[in-house]
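Work through the exercises below with the sequence and the model open. Each task is followed by a solution in steps.

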Amino acid sequence: LIEESADPPLLRTVPSPMNPGGAPFPVKTAQAQVDICGKPTQFHVSVFADKVLVIITQNGKPGTVMQTQKAKGMGTGNRSFETKVLIGKRDDWMLVYAKRVAELVAQRTDKMLLLTLCVLDESPEVFKAVMDGLASVAIW
């Protein structure tokens, strides 16, 4: 809501059922764009209270949407992940991306990963470049 006054408007946080204390919404966000093999590649990371959202796209579309989390019953040292494709195609190379991004996120947090991926080239060079680009926005 905006308060009316002679001064510039102020943004006021209002309590709601989703935000009972009226505290500001604490979402850390980082973005970058990197040229990978001649294609502009956008990276967007948002860290929510319970999830990390990673968007990697080379054409501005979300592509395949995947959810990845540590496998149930696995210890802290184990790197086993459960990946579900929520929307889009289920290719082996998509699962490789999901596992690698999940490994990066798991180095610093146990939060679930929500990954949207639209990479147009399946080559190992592009994979490495995408992982390097993602490291530049790693705020989790």
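The exercises go from the overall fold to single residues, salt bridges and a cavity.

This is a predicted model, in which local features need pLDDT of at least 70, side-chain atom pairs count only at pLDDT 80 or more, and totals for chains, interfaces and linings use all residues. Residues are numbered from 1 along each chain as its sequence is written, and side-chain values use heavy atoms, with hydrogens and water left out.

**Exercise 1. Describe the fold in outline.**

Step 1. Count the elements: the protein has two helices and eight strands. Helices (H or I, at least four residues) and strands (E, at least two) are DSSP runs, numbered from the N terminus.

Step 2. Put them in order. From the N terminus on, the elements run β-β-β-β-β-β-β-α-β-α.

Step 3. Look at burial. Of the 140 residues, 34% count as buried; buried means under 20% relative accessible area, exposed over 50%, and partly exposed in between (1.4 Å probe, protein chains only).

Step 4. Look at contacts, meaning heavy atoms within 4.5 Å. Among contacts with a separation of 6 or more, 50% come from residues 24 or more positions apart.

**Exercise 2. Place glutamine 58 and find what its side chain reaches.**

Step 1. Glutamine 58 sits in the loop between strand S5 (51-57) and S6.

Step 2. Its relative accessibility is 8%, so glutamine 58 counts as buried.

Step 3. The side chain of glutamine 58 reaches the backbone nitrogen of leucine 120 at 2.7 Å. This is a polar contact: a pair of N or O atoms within 3.5 Å, where, within protein, one must be able to donate a hydrogen and the other to accept it, and residues adjacent in sequence count only if both atoms are side-chain atoms.

Step 4. Leaving out residues up to four places away in sequence, glutamine 58 touches Ile36, Lys39, Pro40, Thr41, Cys118, Val119, Leu120 and Asp121.

**Exercise 3. Is glutamate 103 buried or exposed, and what does its side chain meet?**

Step 1. Glutamate 103 belongs to helix H1 (residues 92-106).

Step 2. Glutamate 103 is buried, because its relative accessible area is 14%.

Step 3. Its side chain makes a polar contact of 3.2 Å with the side chain of arginine 100.

Step 4. Beyond residues up to four places away in sequence, glutamate 103 touches Arg79 and Phe81.

Step 5. Lys99, Arg100 and Glu103 are linked in a network of salt bridges. A salt bridge is a side-chain nitrogen of Lys or Arg within 4 Å of a carboxyl oxygen of Asp or Glu.

**Exercise 4. Go through further salt bridges and state how exposed the partners are.**

Step 1. The whole structure holds six salt bridges. Side chains of opposite charge can pair when their charged atoms come close.

Step 2. Lysine 70 and aspartate 110 meet in a salt bridge at 3.7 Å, N to O. This pair links distant parts of the chain, with lysine 70 in strand S6 and aspartate 110 in the loop between H1 and S8, 40 residues apart. Lysine 70 is partly exposed at 26%, whereas aspartate 110 is exposed at 67%.

Step 3. Lysine 51 and aspartate 50 form a salt bridge at 3.2 Å, N to O. Lysine 51 is partly exposed at 29% relative accessibility, and aspartate 50 is partly exposed at 47%.

Step 4. Lysine 89 and aspartate 91 form a salt bridge at 3.5 Å, N to O. Lysine 89 is partly exposed at 45%, as is aspartate 91 at 24%.

**Exercise 5. Which residues line the largest cavity?**

Step 1. A cavity is a set of points on a 1 Å grid over the protein atoms alone where a 1.4 Å probe fits but cannot get out; lining residues have an atom within 4 Å of a point. One cavity of 30 Å³ or more is found in the whole structure.

Step 2. The largest cavity holds about 70 Å³ of space. Grid points are joined across faces, edges and corners, and a volume is the space filled by probe spheres set on the points.

Step 3. The lining consists of Thr68, Gln69, Lys70, Phe81, Ala102, Val105, Ala106, Thr109, Asp110, Lys111, Met112 and Leu113.

Step 4. Strand S6 (64-70), H1 and strand S8 (112-118) each supply at least two residues of this lining.

How values were computed:
1 Å grid on protein atoms, 1.4 Å probe; cavity = no way out; pocket = protein on both sides within 12 Å on 5 of 7 lines; lining within 4 Å.
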